[in-house]
Amino acid sequence: MDHGTHKRMARGKLKPEGRIDLHGMTLSEAHPALIKFIFQAYESQKRLVLVITGKGKDRDAGGPIPIRRGILRHQVPAWLTTPPLSAMILDIREAHQRHGGGGAFYVYLKRQR
């Protein structure tokens, strides 16, 4: 990705060409939905898509072991950086505030060759 495109993406100036909302899904529902969405976006030659995970609920009950907030928010980047999706993805960044901020990610896809 060139510097200008990266800068515009970071500032929220690029409009995502597609989006998927994983809000409220379990891990077992979200993973196949994400794979299907990324494959379809790549096949239709989209470059920038938005993956909305939500920020997650605060479930920490104050016990001795803290519970991580937003399991999808932490799991989605791991899914995107492992095969088979990693072969199609050029960059992953937290979305600008106008596109969801900490509860969403920009996924910049590679060009098809």
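Buried residues account for 38% of the 113 residues in the chain you have open. Keep in mind on this tour that the model is a predicted one.

**The whole chain**

Start with everything shown as a cartoon. You should be able to pick out three helices and four strands. Walking along the sequence, they come in the pattern α-β-α-β-α-β-β. Now switch on the surface: the accessible surface comes to about 7,100 Å², and carbon and sulfur atoms own 51% of that area. Among the contacts with a separation of 6 or more, 63% are made by residues 24 or more positions apart.

**Stop 1: the largest nonpolar core**

Hide the surface and select L34, I38, V76, L80 and V107. These residues have the most contacts inside the largest nonpolar core, a set of 21 residues. Which elements give two or more residues to this core? They are helix 2, strand 2, helix 3, strand 3 and strand 4. Helix 2 gives the most, with six residues.

Next, centre the view on L34. Setting aside neighbours within four places in sequence, L34 is in contact with I20, V51, V76, W79, L80 and L85. Two of those names, V76 and L80, you have just selected among the best-connected residues of the core.

**Stop 2: one face of helix 3**

Colour helix 3, residues 71-80, and show the side chains of L72, V76, W79 and L80. Each of these four is buried. Turn the view until you look down the helix axis: the buried residues fall within an arc of 90 degrees, so they line one face of helix 3. What do these buried residues pack against? Their partners are helix 2, strand 2, strand 3 and strand 4.

**Stop 3: the salt bridge in the structure**

Move on to strand 3, residues 89-94, and select D91, which lies in this strand. Then add R93. As background, side chains of opposite charge can pair when their charged atoms come close. The side chains of D91 and R93 meet in a salt bridge, at 3.2 Å from N to O. How many salt bridges does a search of the whole structure find? It finds one.

Are the two partners buried or exposed? D91 counts as buried because its relative accessibility is 13%, below the 20% cut-off. R93 is partly exposed, with a relative accessible area of 39%.

While D91 is selected, try the distance tool on T81. These two residues are 10 apart along the chain, and their C-alpha atoms are separated by 9.3 Å.

**Stop 4: the loop between strands 3 and 4**

Follow the chain out of strand 3 into the loop that leads to strand 4 (104-109), and select H99 there. Show the side chain of Y106 too: a polar contact of 2.5 Å joins it to the side chain of H99. Beyond neighbours within four places in sequence, H99 is in contact with G12, L14, P16, L50, A104 and Y106.

R98 sits in this loop as well. Not counting residues up to four places away in sequence, R98 touches R11, G12 and K13. G12 is therefore worth leaving on screen, as both R98 and H99 contact it under the 4.5 Å cut-off. For another distance, pick the C-alpha atoms of R98 and R11: they lie 87 residues apart along the chain and are separated by 9.3 Å.

**Stop 5: two backbone details**

Select P83 and P84 and look at the backbone that links them. The peptide bond here is cis, with omega of about 5 degrees. P84 belongs to the loop between helix 3 and strand 3.

Finally, go to Q45, in the loop between helix 2 (27-43) and strand 2 (48-52). Q45 has a positive phi of about 60 degrees, although it is not a glycine. Is Q45 buried or exposed? Q45 counts as exposed because its relative accessibility is 56%, above the 50% cut-off.

Terms used
Residues are numbered from 1 along each chain as its sequence is written. This is a predicted model: local features need pLDDT of at least 70, side-chain atom pairs count only at pLDDT 80 or more; totals for chains, interfaces and linings use all residues. Side-chain values use heavy atoms; hydrogens and water are left out. Buried means under 20% relative accessible area, exposed over 50%, partly exposed in between (1.4 Å probe, protein chains only). Accessible areas come from the Shrake-Rupley method with a 1.4 Å probe; for residues, only the protein chains shown count as cover. A polar contact is a pair of N or O atoms within 3.5 Å; within protein, one must be able to donate a hydrogen and the other to accept it, and residues adjacent in sequence count only if both atoms are side-chain atoms. A nonpolar core is a set of buried Ala, Val, Leu, Ile, Met, Phe, Trp, Tyr and Cys residues joined through side-chain atoms within 4.5 Å. The arc is that of the directions from the helix axis to the C-beta atoms. A salt bridge is a side-chain nitrogen of Lys or Arg within 4 Å of a carboxyl oxygen of Asp or Glu.
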